[in-house]
Amino acid sequence: MSEFLASNHTQDIYADALVWDAHAGIFPDPKIDLGVLSEWRENGATYVSINVGFDVMDWQQTLATLAAYRRWLLIHNDCFMLAGSVEEILCCKRDDKLAVSFDIEGMNALNGDINMVALYHSLGVRQMLFAYNLNNAAAGGCHDTDIGLTRFGFEIVREMNRVGMIVDCSHASYKTTMDIMAESTAPVVFSHSNPAEICEHQRNINDDQIKACAQTGGVIGINGMGIFLGDNDVSNKTLLQHICYVTELVGVEHVGFGFDFSPGIDVDIGAILKSRPDFWPAGQRYDTPGIKHASPSQLPDLVEGLLDRRFSESEIRGFLGENFCRVAAVAWQHKT
Ligand SMILES: [Zn+2]
């Protein structure tokens, strides 16, 4: 647990709350040692979604990463579980295991083939994003010309609704997100995006997007990356500012966490990042030295801050996990 000496009330709330991190920032690579997931388990998380691919890499690498991560989780089933349903996540809470499922950041992983959606679902992918910063065959990215969903993109929304995957708008362009939210028949999320009104950045989202997401019954996951929170400031004071902004705009049912956090990993990812700098364009503060991340270890202290701000115990449980869990309970239902 955190070094922070939380009050008894905070400890009580945190200890039996469902704690849901809608997106971790662990680099997707078959060579990654998923022992880093202990960071979530030791800090009281119940569930985390980790990405197995993003548009920077080809689809074969996504499958290789899936294969390696699935095997690791199945071998380490004493402390972790590859969870595919809300019921399994609740069992993990009871059994003191960390529930894990997968997400994919961008539709290049489909290789232009709609049949891949159901295949990924069968392998444990429960959330997919449409683009990773740049445009692709399905959608517009947030750092590119603002196009809407393509015909293929609309087809994917319907297929994700059908197979039971959470439709995720983070990293996509404004028009694309508005198209997705109009098309989806299940609640839609921004798994790791912050209000641009608090921190201006192309990765952040405006009030229209936040309102449209809430109208679907969805949730905005507050991102813990310093350059999306403010001036590389990951303090709980700043996190509270983002949480309060979204709750005041659309209500307490529509806020959660997607910290985008990664503990240090021992795989050199510099080469792939340097090979495609266009995914992280100049002027968007990606070159900030020593970018910081808020981490799950801050959550007990954050609960204290939320109590000070007069949020109720049930509202805080919503932020910690029940809001995202409500979306999963609907979105993960197979439709046909
Ligand atoms: Zn991301």
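**Cavity, pocket and zinc site in a predicted model**

By class, the lining of the largest cavity comprises 8 nonpolar residues, no polar residues and 1 charged residue. The structure described here is a predicted model, and the values below are computed from it. The space inside this largest cavity amounts to about 30 Å³. The count of cavities of 30 Å³ or more comes to 1. The lining is formed by Val19, Trp20, Asp21, Trp40, Ala45, Phe257, Phe259, Pro296 and Leu299. The charged class includes Asp, whereas Val, Trp, Ala, Phe, Pro and Leu count as nonpolar; the 1 charged residue of the lining is therefore Asp21.

Asp21 is part of strand β1, which covers residues 20–24. Its relative accessibility is 4%, and buried means under 20%, so Asp21 counts as buried. Along the chain, Asp21 and Gly218 are 197 residues apart, while their C-alpha atoms are separated by 15 Å.

The second largest pocket has a volume of about 260 Å³. It is lined by 21 residues, of which Cys142, Tyr174, Gln202, Asn204 and Gln209 are the closest to its centre. The lining of this pocket divides into 7 nonpolar, 10 polar and 4 charged residues. In the lining of the largest cavity, by contrast, there are no polar residues.

A zinc ion is also present in the model, and its coordination is provided by Glu105 through OE and by His171 and His192, each through NE2, at 2.1 Å. The spacing of these donor residues in sequence is E-x65-H-x20-H. Glu105 and His192 link distant parts of the chain, being 87 residues apart. Glu105 belongs to strand β4 (residues 98–105), whereas His192 is in the loop between β7 (188–189) and α8 (207–215). Both of these donors are shielded from the surface by the accessibility criterion: Glu105 counts as buried because its relative accessibility is 4%, and His192 counts as buried because its value is 0%.

Helix α13 extends over residues 313–331 and contains 19 residues. At 1.5 Å a residue, the helix should span 27 Å, and its end C-alpha atoms are 26 Å apart, so the two values agree. A kink of about 65° is nevertheless found in α13, centred on Phe319. Phe319 is itself among the buried residues of the helix, as are its neighbours Gly318 and Leu320. Further buried positions in α13 include Ile316, Arg317, Gly321, Asn323, Phe324, Cys325, Val327, Ala328 and Ala331. An α-helix has 3.6 residues a turn, so residues three or four places apart point the same way. Among the buried positions, Phe324, Val327, Ala328 and Ala331 can be read in the light of this spacing.

Two residues that are not glycines have a positive phi. For Asp96 the angle is about 60°, and this residue is found in the loop between α4 (86–95) and β4. For Asn133 the angle is about 70°, and the loop concerned joins β5 (125–129) to α6 (151–163). Asn133 is also buried, because its relative accessible area is 0%.

Several further residues illustrate how separation along the chain relates to separation in space. Gln127 lies in strand β5 and counts as buried, because its relative accessibility is 3%. From Gln127 to Glu197 there are 70 residues in sequence, and the C-alpha atoms of the pair are 26 Å apart in space. Asn236 is placed in helix α10, which covers residues 236–250. With a relative accessible area of 12%, Asn236 is buried. Asn236 and Ser38 are 198 residues apart along the chain, with 22 Å between their C-alpha atoms.

Asp208, in helix α8, has a relative accessibility of 39%. Because the partly exposed class lies between 20% and 50%, Asp208 counts as partly exposed. Asp208 and Met178 are separated by 30 residues in sequence and by 8.6 Å in space, C-alpha to C-alpha.

Terms used: Residues are numbered from 1 along each chain as its sequence is written. This is a predicted model: local features need pLDDT of at least 70, side-chain atom pairs count only at pLDDT 80 or more; totals for chains, interfaces and linings use all residues. Side-chain values use heavy atoms; hydrogens and water are left out. Donors are N, O and S atoms within 2.8 Å of the metal (3.2 Å for Na, K and Ca); water is not among the atoms, so sites may look incomplete. Helices (H or I, at least four residues) and strands (E, at least two) are DSSP runs, numbered from the N terminus. Buried means under 20% relative accessible area, exposed over 50%, partly exposed in between (1.4 Å probe, protein chains only). The expected span of a helix is 1.5 Å times one less than its number of residues. The bend at a residue is the angle between axes fitted to the seven residues ending there and the seven starting there. On a 1 Å grid over the protein atoms alone, a cavity is a set of points where a 1.4 Å probe fits but cannot get out, and a pocket is an open set with protein on both sides within 12 Å along at least five of seven lines; lining residues have an atom within 4 Å of a point. Grid points are joined across faces, edges and corners, and a volume is the space filled by probe spheres set on the points.
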